[in-house]
Amino acid sequence: MNSQEAKSQGAVREQNFRTQLLAWYDEHARRLPWRETHDPYRIWLSEIMLQQTRVAAVIAHYHEFLRRFPTVQKLARAREASVLAAWSGLGYYRRARMLHAAAKLIARERDGKFPQTAEGLRVLPGVGRYTAAAIASIAFGEPVAVVDGNVERVLQRFLGRPLAGEEFWQEAEALLDRARPGDFNQAMMELGATVCTPRAPACLTCPVVDLCATRGEMTRTANEPRQKKRQIHYALDYRADHSRDGKVFLVQRPRDARLMAGMWELPELANPPRPDSLSFRRLAKRAGGTRFFAATTSRLQGPGPSPYLTLKHSITITDYTVQVWRVPVLPHATGKWIPVKSLSRIALTGLARKILRKVEIIAGPDRQV
Ligand code: SF4
């Protein structure tokens with residue numbers, strides 16, 4: 001089979017997965033109160049309550065909480081003591097405090113309206129990547145995938161290989177049904193919670209059993225493909241400006257890309273820059289403007305150019321050696337200068353985030369919301 005045939009066979013398998021999973025979900029999904037609404041307030045509340053709490057325990061508290069605070073404005077106006085009292089029995093009270101803080105922010109700064117995208121929702125206190133994607137897809141139909149423990153398990157078993165970190169998000173995104181993203185996300189989680197359970201999955205009743213590579217608990221060595229190796233190069237152009245943090249040049253991946261569609265990354269270079277290239281000469285001329293240029297220029301004065309940074313990165317079955325070069329982008333390059341202070345609000349690829357952390361343009365995970 002040539003690569004084109006393999007690609008189209010993969011696309012058919014993914015489409016069958018979507019169709020079969022959604023048909024099963026339409027028929028078998030548990031009826032839960034937050035599944036009968038598209039009100040972002042109610043969906044947000046359920047997502048926060050479901051963090052670290054079982055569905056059965058959440059249902060009773062959910063109704064009572066909504067009886068006391070039927071709208072986000074009512075919640076915003078409530079005293080903290082009343083909110084904590086309504087939360088009583090669910091535990092992890094930090095969630096309730098964050099919920100209250102977010103309600104105040106929505107009421108005060110957004111006239112009671114929720115941001116409608118995952119990116120916008122991330123600014124709310126207590127809303128991380130998973131919760132933002134869940135609310136955006138379920139309440140607003142944004143085609144953005146969620147990843148939780150259930151989704152991770154289903155993905156690995158369906159694909160028949162272990163995944164790690166950003167790979168989960170990339171594969172979930174590739175598999176997502178873009179016409180029904182909210183239902184698809186809930187169906188993935190439902191399948192993981194009720195059929196594809198951690199121990200003894202019920203494969204005989206699974207709606208995607210004919211497409212699944214594992215059909216059972218996955219052993220570490222099951223179907224692990226051989227890793228391929230590749231070298232890639234990226235241009236890093238960072239400039240100080242009047243703001244405290246400066247700005248960095250990034251490009252956005254195509255909206256219809258199979259992986260990481262619409263996410264931002266550093267511009268990729270076809271080849272490493274040559275020592276006599278215009279870029280390097282221009283870089284040397286501009287040296288001294290920032291700590292990054294100073295560091296790079298000192299290397300340029302050595303025996304020959306070397307990458308600013310080299311790191312390893314794995315995506316699915318490919319191990320990349322990534323070389324990052326400090327070169328200025330050309331004036332007509334397609335992309336955008338992004339202020340460093342805005343980087344936490346845009347969707348960066350895992351690799352771009354890794355590079356920007358390594359060169360200390362953005363903070364490590366402990367300082368990210
Ligand atoms: S066939 Fe079994 S292992 Fe595969 S997704 Fe279904 S329940 Fe999970």
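Ala, Val, Leu, Ile, Met, Phe, Trp, Tyr, Cys and Pro count as nonpolar, Asp, Glu, Lys and Arg as charged, and the others, Gly among them, as polar. By these classes, the shell around the ligand holds 7 nonpolar, 1 polar and 2 charged residues. The model is predicted. The charged members of the shell include Arg157 and Arg215. Gly216 is a polar member. Cysteines also surround the ligand, among them Cys196, Cys203, Cys206 and Cys212. Val195, Pro201 and Val209 complete the list of surrounding residues. The ligand itself sits in the largest cavity.

Histidine 313 lies in strand β6, which spans residues 309-315. Its relative accessibility is 9%, so histidine 313 counts as buried, the cut-off being under 20%. The side chain of histidine 313 makes a polar contact of 3.0 Å with the side chain of lysine 354. Beyond residues up to four places away in sequence, histidine 313 touches Thr318, Asp319, Tyr320 and Val322. Gly350, Leu351 and Lys354 are also touched by histidine 313.

Helix α14 covers residues 350-358. Within α14, Gly350, Leu351, Ala352, Arg353, Ile355 and Leu356 are buried. These buried residues pack against one helix, α10 (166-175), and against several strands. The strands are β1 (228-235), β3 (247-252), β4 (264-265), β6 and β7 (318-325). Glutamate 360 follows α14. The phi of glutamate 360 is positive, near 65 degrees.

How values were computed: Residues are numbered from 1 along each chain as its sequence is written. This is a predicted model: local features need pLDDT of at least 70, side-chain atom pairs count only at pLDDT 80 or more; totals for chains, interfaces and linings use all residues. Side-chain values use heavy atoms; hydrogens and water are left out. Helices (H or I, at least four residues) and strands (E, at least two) are DSSP runs, numbered from the N terminus. Buried means under 20% relative accessible area, exposed over 50%, partly exposed in between (1.4 Å probe, protein chains only). A polar contact is a pair of N or O atoms within 3.5 Å; within protein, one must be able to donate a hydrogen and the other to accept it, and residues adjacent in sequence count only if both atoms are side-chain atoms. Contact means heavy atoms within 4.5 Å. A residue is near a molecule or strand if one of its heavy atoms lies within 4 Å of it. On a 1 Å grid over the protein atoms alone, a cavity is a set of points where a 1.4 Å probe fits but cannot get out, and a pocket is an open set with protein on both sides within 12 Å along at least five of seven lines; lining residues have an atom within 4 Å of a point. A molecule sits in a cavity or pocket if more than half of its atoms lie within 2 Å of its grid points.
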